[in-house]
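User: I would like to go through this model with you and ask how each label is justified. Could you show it first?

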Amino acid sequence: MMHLLLDIVRDKRSPSPLVHLAFKFLYIITKVRGYKIFLRLFPHEVADLQPVLDMFADQNPKDYETWETRYMLLLWLSMTCLIPFDLARLDGNILSEEGCTRMPIMDRILNVAKSYLVVSDKARDAAAVLVSRFIIRPDVKQKRMADFLDWALSTLSKSSFQTMEGTIVMDGMLQALAQLFKHGKRDDCLPYASTVLECLDNCKLSESNQTLLRKLGVKLVQRLGLTFLKPKVAKWRYQRGCRSLAANLQFSAQVPVAQNLVIAADDEEEYDIPGEVENVIEQLLIGLKDKDTIVRWSAAKGIGRITGRLPKELADDVVGSLLDCFSFQETDNSWHGGCLALAELGRRGLLLPSRITDVVPVILKALTYDEKRGACSVGSNVRDAACYVCWAFARAYDPLELKPFVNQISSALVIAAVFDRDINCRRAASAAFQENVGRQGTFPHGIDIVTAADYFAVGNRVNCFLNISVYIASFPEYTQSMIDHLVNMKINHWDGVIRELSTKALHNLTPQVPEYMTNVVLPRLLPLAVGTDLHTRHGAILACAEITHALYKLALSLSKMPFREDPIIDGWQWLINDSLRSLPLVSSTARQQIKEAAVSALAALCNEYYINEQREANPALQGELLQQYISELQNTEEMVRCGFSLALGALPRFLLKGKLQQVLEGLKKVICISRKDVSFAESRRDGLKATAKVCQTVGVKRNGPQDEFVCKDNVVQIYTMLLNGMSDYTTDSRGDVGAWVREAAMTSLMEVTLLLVQNEPELLDANICKQIMCCVAQQSAEKIDRFRAHAGSVFLTLLNFDNPPIPHIPHREELERIFPRSEAVTLNWNAPSQAFPRITQLLGLPTYQYYVLLGLTVSVGGLTETTVRYSAQSLFDYMKKIQNDLGAMNNFCETLLQVFEDNLLNDRVSVPLLKMLDQMLANGCFDIFTAEENHPFSLKLLTLCKEEIKKSKDIQKLRSSIAVFCGMIQFQGDMRKKVLFQLFLLLCHPFPVIRKTTASQAYEMLITYSDIVDPDILDEVMTVLSDTNWDAELPLVREKRNYLCDLMKVPKPQLVNPSPMGLCYKPKT
């Protein structure tokens, strides 16, 4: 592929765009494989040098669209310039035919490199590669190396990283110098190293905000340091005796025997270390603390490379300086850089075993490093780097060297792999543990733990905390350290999710060491539960609860808590009540959790401490508690009502005995909508939930007292409360909040009905069952997918319940045919395409027709495209079935008019109803009535439409009514004159947009129903409608409107009296 592309480039007949495209493909290959590998594949014959140089003459360095061409040419030139001949031999006669002197090839290449070192695109990187390969040629370094370095250092010192241009130039110079000192011979570069280092110090790159410049500065510094030192491997470095994985595993199964791990004697010849090396190491140590990872990583590699050329004593000083990075006065950047450097030293054998004692405690701290910053924390990169250190040590040291630290390292890695917050740290710890198990072979239960906590298993944080931790803790070597870590580091974590998971983990770990939890952990947690730090207090309280619960399961005496008649019970009751009263002060995210926890705690408290030996409640306590809770149901704060409603629903039966009617009356006030609390939808929702819970708690007894049971005296009251919730359509800034109430009402109706039918089915009369089924059917036809699905589920549950079957369900046989039991599970009520074809079939059942049509109205006239499409199509399919059945059509139209009349001026229903009527008229749903003159349906419909838009300012409603009026023109008789009068009335509406809409739709109406106008005047009428400026002043518009009235012989509207909205008219006689 490469040769094919280069053939295109070499072909002089290839057009310029094709050449650029070929170089672009070559660049893509370079990106995939890497330029270092790709570079060796370039043709580099002597004959290639001149053509490549000549191609640069056609390049424009400022053309941003062809930078790939220049990049690839520079890489190609960096390969061809390595030909093993003196470049002067290629110049020949440098005098041209015109007598002018041509530039030598050496200078041409150098000028190309210099010119592209200061460009702003990627060609700058390739130019640095060219410099590093070209300058080190024997012939070039003698003649041009000093000059080039002078030029580079001069350019570098004159540039400033404060400007973008200066940053680009400095980047090019630093890249070139770094590459040059990397590839150049030490003897060639050493004379210039001090000068370059001095210039670099003067640039003060550490103060720059440009990450790349700081990284290149560190890279150049380490290359200069390597230049100052002789390139020889330190004989004192640690050399591990065996690097075979199989041998290690075999060694772990045998008695440990000392291997040949003796460090070679330091018999290296003495030589002076240049003073500049100290400066280099100091800059690299500063680089370890840089704010960017790539700078710290480059500095760490530099530390490793330079330390490998130092004498043993100086190398040990470097390690000591590195350990200073791990002070708690240092930032997380310093800890991260220090870990990277230690890993590099360990990997290269430069961290001697004598230093492991100092290093391991630091690494153990780094494995749990987590420093809080505001609402979050930093340190995940430090923990990740510490895992890398453990991984490197596993490969670097013999098992005997690390044996004293095995338990500490293994426990720390297990804790990081299971309990770290970040997935990358858990996986890094798992990899490090696995490496130690394989290389060292000394970790307790290593294979078992590696199998359980592999790369994929530790990816799920909940699984780590609650499952894997339990398995690992079953090995005694890890149990206590894991528990101590959770208590010391995790229950006070800034992330609430981690605190909760940690306490659940403590609950799961308690059965492993119940005595340790009882005697050590709980006494340590109790003072923390009353501490000043909010996170610590929260975690400690949860931990105490979880551990106590776990001990209770183990039947330990401590968890029985014999506090009956103890004042602490009043304190707990006060805490629950205060939590419910404080709900308005809590953030919305935590409010639901607090409410549920308080209600759950109340139920447990009452069942444990408020019942006497006769299984009854203390009358005084019962009266006080219920009176207090019922009074809070009228609190001015909605959330307080919610909390205490649910609290009443959670009370046990013995506290409700004799007080049922009082509780129901209190909940009734919460559920009813009044003017002052119309927006309290959430309290009404929770009131309905509480009502159902109370009914389930007290049970059913047909002839029982109404203060103790659901019975014949209060069943109607209960159903009235629940059915009232089905008509809650409250809206506010959050949308249809009444849907929450309707959802709770449906659930509560289902629960109470199933309760009654299983115990006293005689209490269910036909009227109640009819209301329930009709209301739920209406909800199952409405527009919101989630609530429609819930309604459908409730509807089918009630229909299909057979233990015993619910009595008095209207049209049960027809319903079972429409909704077969076999399809109850597969029917997706969320999908409009599945729900509406079924629910529209209920229009043929007289009992359900009104309610289903009411629900369909808001769906067909809604806004959601899929809901409108499938609901309308299902409705039209039903209308086609009854199109020729006059009786069915009359019944349907009477129901439709009744829905309209009942919801007149109720915009929630009336506006969608007008849209639905428009679609039905357009689809010919009422064709059976259009042949009859002055049909009662059309007259009543027109009257209702006129009443609906009277004095209305709602643009949407007025537009929908215009469409309905235009559709009603198809009815015969005087109806047409009345419709035209309404349209002409709207042609002079105060709102210009309504006038324009009326004219436009009237024009379309005349095209569709041309028979309503005399053919002789049709063109004139349509011309007036289309050419008149209906945005003009009303007197001008009224003149045109009256002209249309005269043409079509329609009475002119006459001004009666001004109204707040606009003008009122009556026909002229």
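Analyst: Happy to; below we take the labels in turn and set values against definitions.

The model is predicted, so local features need pLDDT of at least 70, side-chain atom pairs count only at pLDDT 80 or more, and totals for chains, interfaces and linings use all residues. Residues are numbered from 1 along each chain as its sequence is written, and side-chain values use heavy atoms, with hydrogens and water left out.

User: How do you know what confidence the chain has, and where is confidence lowest and highest?

Analyst: From pLDDT, the predictor's confidence in each residue on a scale from 0 to 100. The chain averages 89, and 94% of the residues score at least 70. Confidence is lowest in strand E4 (residues 1063-1067), with a mean of 47, and highest in helix H25 (residues 461-473), at 96. Helices (H or I, at least four residues) and strands (E, at least two) are DSSP runs numbered from the N terminus. Over residues 1058-1069 pLDDT stays under 50, and the model has 34 contacts there beyond four places in sequence; a contact means heavy atoms within 4.5 Å.

User: Why is Thr867 called buried?

Analyst: Buried means under 20% relative accessible area, exposed means over 50%, and partly exposed lies in between (1.4 Å probe, protein chains only). Thr867 has 2%, so Thr867 is buried. This residue sits in helix H44 (residues 865-881), and its contacts include Lys783, Asp785 and Phe836, not counting residues up to four places away in sequence.

User: And why is Leu18 called partly exposed?

Analyst: Its relative accessible area is 34%, so Leu18 falls in the range between buried and exposed. Leu18 belongs to helix H2 (residues 16-33).

User: What makes Leu18, Leu21, Phe25, Ile28 and Val32 a nonpolar patch?

Analyst: Patches are made of residues with over 30% relative accessible area and no salt bridge; like charges are joined within 9 Å, and nonpolar side chains (Val, Leu, Ile, Met, Phe, Trp, Tyr) within 5 Å. Together these five side chains, on the surface, have about 460 Å² of accessible area, by the Shrake-Rupley method with a 1.4 Å probe, where for residues only the protein chains shown count as cover.

User: What makes Asp171 and Arg124 a salt bridge?

Analyst: A salt bridge needs a side-chain nitrogen of Lys or Arg within 4 Å of a carboxyl oxygen of Asp or Glu. Here N to O is 2.5 Å, so the pair qualifies. It links distant parts of the chain: Asp171 is in helix H11 (residues 164-183) and Arg124 in helix H8 (residues 123-134), 47 residues apart. Both residues are buried.

User: How do you know that Asp736 and Arg742 pair, and is each one buried or partly exposed?

Analyst: Their closest N and O atoms are 2.9 Å apart, so the salt bridge cut-off is met. Asp736 has a relative accessible area of 24% and is therefore partly exposed, whereas Arg742, at 2%, counts as buried.

User: What makes the backbone at Pro804 and His811 worth a remark?

Analyst: Most residues other than glycine have a negative phi, and most peptide bonds are trans. The bond from Asn803 to Pro804 is cis, with omega near -5°, and His811, not a glycine, has a positive phi of about 55°. Pro804 lies in the loop between helix H40 (785-800) and helix H41 (812-818), and His811 lies in the loop between H40 and H41. At 23% relative accessibility, His811 counts as partly exposed.
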